[in-house]
Amino acid sequence: MYHRLQVTISASRSRGGGQGEGEDTTMVSGGPLRHQTFCFTCVLGLYGCRWRQQVDPNEKRWVERIWFVVMLMAVGFVSFWMYFWLVVWNDADDFNWWIYQQTGKWVNWYWVILAATSTAFGYAVFLLLLAAIHVCFEIPVYLHWLHKILVVLLLCGCTACVVLIQQLWLDGFRLAWLSLQMTGPWLHLGAVGLMTVCSWVIAGQWAQVRTLALQIFWFVFYLGVMGGLYVAPLFITSPCFITVDQQPQKPKIGGHRGAPMLAPENTLLSFQTAIDNNATMIETDVQISIDGVPFLMHDGDLRRTTNIAEVFPNRVNDNAATFNISELKRLNAGKWFLQTDPFGTVGGMSARRRALIANQSVGTFQDFLQLANKYNVRVIFDLYPPPRGHPFHKNFANYTLNFVLNSGLPQSSVVWLTGTDRLNIMRRAPFLKQGVRDKMSPSFMKKSSLTVLDLDYRRFSQGDYSLYSKNNISTVTYIVHSNWLFSYLWCSGADTVVSNGVNLVRNLNSPVWRMNPFHYRVLWITTDVLSGVCIIVCFLVQRRRKACRRNHVENVRLETIEEESFPSHDNPRRRLLSDNPADVMEEEEDEGLGSASLGGTLAFDMDLPVVQHEEVAVEL
């Protein structure tokens, strides 16, 4: 096996002037360089804009090492940012809603940010791959100034965004932290595997450190990092570390405002779609019109989910409860869904489905109850009090209860969340499921005859579900449509999970993963042991390899080449391989070439055995 030795010699000789008679000046660039292929040229050019392999003696290598560290930091930050936006997809609607409240305009900002983050992540990983190729082939790392600017912008931008989102949308970071209970075991295995694979290159760089103290320092530092990874599972907990016998039943599925991924929220079509996708509970929001008809609407106004700007342009910002039912029925409640495509699902719908969506109107509470009674599903709803001056401002709760009692729907199928005039409500309808949205102790809830706890999933801790279940209190948690989060709640023992994407979780027959705790410990210890053995072997082999390379250096004596272009009898290999190159030079001078002041450049390749000629020292 041979390496290609690439040598470039620039020579000039001046007799009787300049630097002194007979004094030679020779520059040698290059070294044990690989044969440059097209792919290799692309790697050099794309990373440092150097389209041929070369060494600049004026380069400050320590500066490039600092930039390499900066690039690693940027890759780390953008990787975390990418992970964050992937796991918070479950709450993308909440994020868009928060921005809508600030700007008054509905845009799917989540997908915009995810696209930008994906682009930045791809660029950072591409740079890291190019740098890894440089390090693997022992090529000096030189990052082009344009890449340096982009890396700094990437690092500063990600840092600023993390701080900004943490201040404005803390719920997103709570979800990301929660996700580690599902992804932590696999992130740990991936990190150990990646560091083990990189140990060969790391050991190679470590073996080149000439100071023993520095070698010991970097070796201990690397072992410290790996030791932290090896013991990380001690701090990883997950409800999915259970046996088959311990796995709870699959939670019941509730449709949040129906099935808003497949139909406009709070429309009869949305609720029908949720029921068709096996939802056993449907959730809605109820307001009372100025003429006393409860209708379905989440927002305080009608801008987002209707075409009020076309029908009532002068009342765009009016409270929804100030309209009468005939005015509400004039509004279209479906076209906004086709125009904004809030969940990115419109593109896959048929023309018939789109026409059905475009024909939706504002639904009434009475129609909602009749639909639930027809399919025997449970209902849960938020009842919003009308504004001051409204005819039903004071008795809205008892007034709405009349519609529930007259619908024919069994009281046991209704979860009543409104706390207003609760004692009177309980007296009139003793079989209603009384629920709350404030976390209370099980004992207090039993004392108050409260049987349902309806909370955001972030407010439940891992052991809460079993605690409330033991006290005969049902738990309803919202809003979940990511498979990993649904699986987390499944393993935790949630009773009912309310989702925007009932179509996504209906066919989930088991958690995305579940593992016996003993099996995970075996996997963890086995992985750590194999990784440790591989790392030790890599360091020993690289240290031995570098020592052998230093002990087998062969000195090649090169004399100055005096001619700018060689005649046919002049053979560079003859000079290089001759036992006495000076004799060859004298022979050429005797032929009439020695009296001139000449300069030139010689470039040639040699095939040298790897073991004996991997490093070549040039002696002048």
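Helices and strands here are DSSP runs, numbered from the N terminus. By that numbering, Ile479 sits in the loop between strand S10 (474-478) and H18. The model is predicted.

**Figure 1. The whole chain holds 23 helices and 14 strands.** Of its 620 residues, 45% count as buried. The accessible surface comes to about 31600 Å². Carbon and sulfur atoms account for 59% of that surface. Among contacts with a separation of 6 or more, 66% are between residues 24 or more positions apart.

**Figure 2. A cis peptide bond joins Tyr478 and Ile479.** Its omega is about -15 degrees. Most peptide bonds are trans. Ile479 belongs to the loop that runs between strand S10 (474-478) and H18. Ile479 is also one of the residues in contact with Asn500, which is shown in Figure 4.

**Figure 3. Helix H18 (residues 483-492) is largely enclosed by the rest of the structure, because nine of its 10 residues are buried.** The buried residues include Trp484, Leu485, Phe486 and Trp490. Ser492 is another residue of helix H18. With a relative accessible area of 7%, Ser492 is buried. Its side chain reaches the backbone oxygen of Tyr488 at 2.8 Å. Tyr488 is itself among the buried residues of H18. Beyond its neighbours within four places in sequence, Ser492 is in contact with Pro239, Gln462 and Tyr465. Just after H18 comes Gly493, with a positive phi of about 100 degrees.

**Figure 4. Asn500 makes a polar contact with His256.** Their side chains are joined at 2.8 Å. Asn500 lies in the loop between strand S11 (496-499) and helix H19 (502-505). Its relative accessibility is 3%, so Asn500 counts as buried. Neighbours within four places in sequence aside, Asn500 is in contact with residues including Asp93, Ala259, Pro260 and Met261. Phe343, Val480 and His481 are also among its contacts.

**Figure 5. Two residues other than glycine, Arg257 and Asn376, take a positive phi.** Most residues other than glycine have a negative phi. For Arg257 the angle is about 55 degrees. Arg257 lies in the loop between strand S3 (252-256) and helix H8 (268-276). Arg257 is buried, with a relative accessible area of 10%. For Asn376, phi is also about 55 degrees. Asn376 is found in the loop between helix H13 (365-375) and strand S6 (378-383). At 59% relative accessibility, Asn376 counts as exposed.

**Figure 6. Asp454 and Arg437 form a salt bridge.** Side chains of opposite charge can pair when their charged atoms come close. In this pair, the closest N and O atoms are 2.7 Å apart. The pair links distant parts of the chain, 17 residues apart. Asp454 is in strand S9 (residues 452-456). Arg437 is in the loop between strand S8 (433-436) and helix H16 (442-447). Asp454 counts as buried, at 1% relative accessibility. Arg437 counts as partly exposed, at 28%.

**Figure 7. Salt bridges that share partners join five residues, Arg257, Glu265, Asp285, Asp299 and Arg304, into one network.** Within the network, Asp299 forms a salt bridge with Arg304. Their closest N and O atoms are 2.8 Å apart. Both residues, Asp299 and Arg304, are buried. The count for the model is 14 salt bridges.

**Figure 8. The side chains of Glu327 and Arg315 meet in a salt bridge.** The N to O distance is 3.2 Å. Glu327 lies in helix H10 (residues 325-329) and Arg315 in the loop between helix H9 (308-311) and H10, so the pair ties together parts that are 12 residues apart in sequence. Glu327 is buried, with a relative accessible area of 18%. Arg315 is partly exposed, with a relative accessible area of 21%.

**Figure 9. Cys158 is shown in a model whose disulfide count is zero.** Cys158 is in no disulfide. Its nearest cysteine sulfur, that of Cys161, is 6.6 Å away. A disulfide would need the two sulfur atoms within 2.5 Å. Cys158 counts as buried, at 6% relative accessibility. Cys49 counts as partly exposed, at 42%.

**Figure 10. A nonpolar surface patch covers about 520 Å².** Trp200, Ile525, Val529, Val533, Val537 and Val541 make the patch. Helix H20 (residues 517-551) gives the most to it, with five residues. Ile525 is found in helix H20.

Notes
Residues are numbered from 1 along each chain as its sequence is written. This is a predicted model: local features need pLDDT of at least 70, side-chain atom pairs count only at pLDDT 80 or more; totals for chains, interfaces and linings use all residues. Side-chain values use heavy atoms; hydrogens and water are left out. Patches are made of residues with over 30% relative accessible area and no salt bridge: like charges are joined within 9 Å, nonpolar side chains (Val, Leu, Ile, Met, Phe, Trp, Tyr) within 5 Å. Accessible areas come from the Shrake-Rupley method with a 1.4 Å probe; for residues, only the protein chains shown count as cover. A salt bridge is a side-chain nitrogen of Lys or Arg within 4 Å of a carboxyl oxygen of Asp or Glu. Helices (H or I, at least four residues) and strands (E, at least two) are DSSP runs, numbered from the N terminus. Buried means under 20% relative accessible area, exposed over 50%, partly exposed in between (1.4 Å probe, protein chains only). A polar contact is a pair of N or O atoms within 3.5 Å; within protein, one must be able to donate a hydrogen and the other to accept it, and residues adjacent in sequence count only if both atoms are side-chain atoms. Contact means heavy atoms within 4.5 Å.
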